[in-house]
Amino acid sequence: MKLYSKKAVVKALCFVCLCSSASALADGRVVDKVYHPYVQPLEREFEYRYFYQRQADHPDNNTMGQKLGYGFSVTERAALEIYVIADRISPEDYKLTGYELELRWMLTEQGQYSADWGMLFELERQNNQDNYEFTTGLLMEKEFGPTSLTLNALAVYEWGQTLDAEWEGEFRAQYRYRWLPAVQPAIELYAGENYKGAGPSLMGVHKFDKQKQLKWELAVIVAIDNDTVDRTLRFALEYEF
Amino acid sequence: MRNKELKNKALRKNSKKALPVAALLLLTLPVVAEQKVFELQIKDHLFQPSVLYVPAGEKVKLLVLNQDPSPEEFESFSLNREKVILGKGKATLFVGPLQPGKYQFFGEYNPDSAQGVLIALPEEQWLRYKANHAY
């Protein structure tokens with residue numbers, strides 16, 4: 001019995017092409033979490049994200065960033081998260097660089113339609129520079145048997161004292177094999193300003209007691225064009241309780 | 001004649017541009033077939049029924065009614081679903097189309113007691129089951 005067709009996979013890939021071709025360019029970090037379009041009532045979590053970039057002769061060499069967040073659902077379909085951001089941009093030292101407020105909004109029930117949809121709204125303020133970045137866009141996920149394709153098509157508006165006001169685009173994709181709860185391999189693709197990269201990732205979830213669980217993600221993204229920094233490491237931990 | 005050729009050329013060009021947009025629209029089209037609805041209750045931190053039979057190969061709707069005053073979370077890795085149902089609340093889950101087989105689920109807030117299994121039956125077995133268990 002054929003339960004999901006090749007046509008559906010082709011449609012999803014067309015969507016990937018459509019979004020990546022429409023991608024403009026963003027100043028911020030492009031490699032970040034690939035968001036799923038789901039929100040649960042009573043959701044509460046602490047989140048830690050880390051990224052590191054490496055290429056000896058690239059301006060982004062040795063750049064390191066960390067994000068620490070606390071999130072909670074505000075309605076059955078919407079969740080808020082607040083982050084503190086710290087960056088190290090060579091040759092400067094590590095420092096607290098900004099704050100971010102994020103709202104995720106689940107638009108459709110999982111499995112109700114042929115794809116699941118959500119929206120993301122983020123407002124980031126850069127410390128001491130009076131610079132701001134507003135991000136919004138669509139989150140999509142579609143199941144293909146034991147695998148899931150997640151796409152984020154985002155528009156970014158930047159403005160502030162040391163930034164030219166401009167609209168940019170970002171695109172993130174993740175194709176995940178739901179092998180075991182603790183181990184789920186995936187491939188990820190990112191496109192944004194001066195960045196086009198792809199690479200393998202691994203993620204999973206470990207349950208402790210009742211609704212307490214730890215989600216983890218690790219990805220190594222490599223450049224797919226000459227402007228992009230060679231290697232980016234991405235790591236994230238989410239403790240839900 | 002020349003105008004007609006130019007017009008056809010422009011149409012071909014535009015139709016190429018429209019392909020990804022059409023693909024995106026098709027991707028979002030809702031499933032129009034009527035879905036079978038199955039009810040699952042949570043009472044005293046137990047799923048009732050704890051064994052739920054559904055037809056394989058089609059999308060089904062699970063209506064989960066939580067009769068307990070405390071919240072519960074329907075969770076199943078094999079079904080790729082997790083959904084919190086508030087105390088005295090209800091939630092709708094859409095699953096499938098499923099391959100014939102067994103799919104375990106549990107309540108994340110009370111995993112020791114709230115356990116169940118969803119069994120997806122192939123068409124012939126499903127028709128036999130339906131004939132023996134009139135709804």
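Chain B has a mean pLDDT of 84, and 74% of its residues reach 70 or more. The model is predicted. Its scores are ipTM 0.79 and pTM 0.81.

**Chain B**

Nine strands and two helices make up the elements of chain B. Read from the N terminus, their order is α-β-β-β-β-β-β-β-β-β-α. The chain holds 135 residues, and 25% of them count as buried. Take the contacts in chain B with a separation of 6 or more: residues 24 or more positions apart account for 61% of them.

**The largest nonpolar core**

Which residues touch the most other members of the largest nonpolar core? They are Val31(A), Leu151(A), Ala173(A) and Tyr190(A), in a core of 22 residues. Five strands of chain A, tabulated here, each supply at least two residues of this core.

| Strand of chain A | Residue range |
|---|---|
| β6(A) | residues 131–144 |
| β7(A) | residues 147–160 |
| β8(A) | residues 163–177 |
| β9(A) | residues 184–192 |
| β11(A) | residues 213–223 |

β7(A) gives the largest share of this core, with five residues.

Val31(A) deserves a look at its contacts. Neighbours within four places in sequence are left aside here. Val31(A) is then in contact with Phe51(A), Tyr190(A), Gly197(A) and Ile221(A), and also with Thr232(A) and Arg234(A). Tyr190(A), one of these partners, is also among the core residues that touch the most other members.

**Another core**

Apart from the largest nonpolar core lies another, of 21 residues. Its members include Phe74(B), Ile85(B), Tyr103(B) and Phe105(B).

Definitions and conventions: Residues are numbered from 1 along each chain as its sequence is written. Chains are lettered from A and ligands numbered from 1 in the order in which they are written. This is a predicted model: local features need pLDDT of at least 70, side-chain atom pairs count only at pLDDT 80 or more; totals for chains, interfaces and linings use all residues. Helices (H or I, at least four residues) and strands (E, at least two) are DSSP runs, numbered from the N terminus. A residue is buried if 20 or more other C-beta atoms lie within 10 Å of its own, exposed if 12 or fewer, and partly exposed in between; C-beta atoms are placed from the backbone. Two residues are in contact if their C-beta atoms, placed from the backbone, lie within 7 Å. pLDDT is the predictor's confidence in each residue, from 0 to 100. A nonpolar core is a set of buried Ala, Val, Leu, Ile, Met, Phe, Trp, Tyr and Cys residues joined through C-beta atoms within 7 Å.
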